[in-house]
Amino acid sequence: MLPALDALAGPVLLVDGGRQVAALTPALEARLGGTVRAGTPLTEVLVPHGGAERLESLLTEGRETSARMRTGSRTHPVRVRAVALTEGTKGLGWALLVAPEAERDTEGNAELFHGVWTRDPELQRIFRIVEKVARTESSVLVRGESGTGKELIAHALHALSPRSKGPFRAINCAALPPNLLESELFGHVRGAFTGAVRDSPGHFRLANKGSLFLDEVAEMPLDLQAKMLRVLETRTVIPVGGREPVPVDVRIIAATHRALRREVEAGRFRADLMYRLRVVPIFLPSLRERPGDILPLAMRFLDELRQRGSRRVERFSPGARRLLEGHTWPGNVRELRNVMEYTYVIGEGPVVREADLPPEFSEPRRVPPATLAGPPSLLDAEKVRAALAQAGGNRSEAARLLGISRVTLWRRLRDLDVPGSE
């Protein structure tokens, strides 16, 4: 028996074991401005971006997804997460937790856009660009550091596009050796190489009528870049070991953490392919460029963890706030999520304290060598003093961190009139 509506809080859609609507909570009816008749098949009410396959993963795996919810003649863009309802080993149905796709709160005008949450006006401006570009067929290059949400933006571009009913395929160009990457992209015929015991279509053909996401595209080897360019120009692929071109209709969304123009200048990337992929560039800011998002995002992650555990976190201590806000977050939002999971498991009680954070937060901050190294003429006093402090006053070690000789360091110390350099 499904739970009574008064036992549920917030906007919730109850679905029975036959995948039919059982009831809507008053909060959901108020948010949608209407209701849905009990007994209506779920497929007539909820249309996930990605079709039946995404609906199945929503119900069976509990994955949050973007969708459109229908009430009468109106449709509403929403985010949905399913919680299975059981009695012993018997499945009763699901409670679908529903939130608007562009969820805004009253504190700081925050927005949830296809899984990316922010209060930052610049990132919200990028969301509006994504909405415009999604309606076109233009190739998009998403630039951003690891962990900034490049694949989520790629999913949004697909979900908001006319191709949303088609497949979305993703491949990481840095994760596979060149020979295997070519086969994964373009497919192969039986007998093309050792182990090719059957034909394989490849990602391009599997993404036909949909979108293909090429992550870390700057890592693609040069010889494969030439073949990729031919595919984009002819809209056909030739499988490895094959002879006949196969037509494909795919929109390319690429992503990289490198600047493609610099890769072209260094001879590591083809300029003609860059122009094909970089029709519309989208630059995602790092988390350290969105300092106002750090603590709110951290609390959101802790709230998600609370739904699977017993601890309820209500606030951060002043010391923990200071450490979190002062961290450089090289892994961006992905790193923040992992840090919050560590904090949730290690800490106790409603307050996150300094001792609950991972060990690196309590260690003395070290200046990364990459930020110290540079030509002697560019070594300003701040870098030199930072290297000396990191090396504990040891000039040989400081010179190593700066990537210069000890004599060069001595000369720079003298030029900067640092005491003891004569």
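This passage describes the internal cavity, a nonpolar surface patch and the salt bridges of a predicted model. Local features need pLDDT of at least 70 and side-chain atom pairs count only at pLDDT 80 or more, while totals for chains, interfaces and linings use all residues. Residues are numbered from 1 along each chain as its sequence is written, and side-chain values use heavy atoms, without hydrogens and water.

The structure holds 1 cavity of 30 Å³ or more. A cavity is a set of points, on a 1 Å grid over the protein atoms alone, where a 1.4 Å probe fits but cannot get out; lining residues have an atom within 4 Å of a point. Volume is the space filled by probe spheres set on the points, which are joined across faces, edges and corners. The largest cavity encloses about 40 Å³. Its lining consists of Val-116, Leu-123, Phe-127, Thr-148, Gly-149, Ile-153, Leu-284, Pro-285 and Arg-290. By class, 6 of these residues are nonpolar, 2 polar and 1 charged. Here Ala, Val, Leu, Ile, Met, Phe, Trp, Tyr, Cys and Pro count as nonpolar, Asp, Glu, Lys and Arg as charged, and the others, Gly among them, as polar.

On the surface, Tyr-342, Val-345 and Ile-346 make a nonpolar patch of about 280 Å². Such patches take residues with over 30% relative accessible area and no salt bridge, with nonpolar side chains (Val, Leu, Ile, Met, Phe, Trp, Tyr) joined within 5 Å. Areas come from the Shrake-Rupley method with a 1.4 Å probe. Ile-346 belongs to helix α13 (residues 332-346); helices are DSSP runs (H or I) of at least four residues, and strands (E) of at least two. Ile-346 is partly exposed, at 45% relative accessibility. Buried means under 20%, exposed over 50%, and partly exposed in between.

The whole structure contains 16 salt bridges, each a side-chain nitrogen of Lys or Arg within 4 Å of a carboxyl oxygen of Asp or Glu. Arg-258 and Glu-219 pair at 2.6 Å, N to O. Arg-258 sits in the loop between β14 (250-256) and α9 (260-265) and Glu-219 in the loop between β11 (210-215) and α8 (222-234), so the bridge ties together parts 39 residues apart in sequence. In another bridge, the closest N and O atoms of Glu-56 and Arg-19 are 3.0 Å apart. Glu-56 lies in helix α3 (residues 52-61) and Arg-19 in the loop between β1 (12-16) and β2 (21-24).

Arg-235 and Asp-249 meet at 3.9 Å, N to O. Both belong to a salt-bridge network with Glu-137, Arg-163 and Lys-209. Arg-235 is partly exposed at 46% relative accessibility, as is Asp-249 at 25%.

Note on methods:
1 Å grid on protein atoms, 1.4 Å probe; cavity = no way out; pocket = protein on both sides within 12 Å on 5 of 7 lines; lining within 4 Å. Patch = residues over 30% accessible without salt bridge, like charges linked within 9 Å, V, L, I, M, F, W, Y side chains within 5 Å. Buried < 20%, exposed > 50% of the residue type's maximum accessible area, 1.4 Å probe, protein only.
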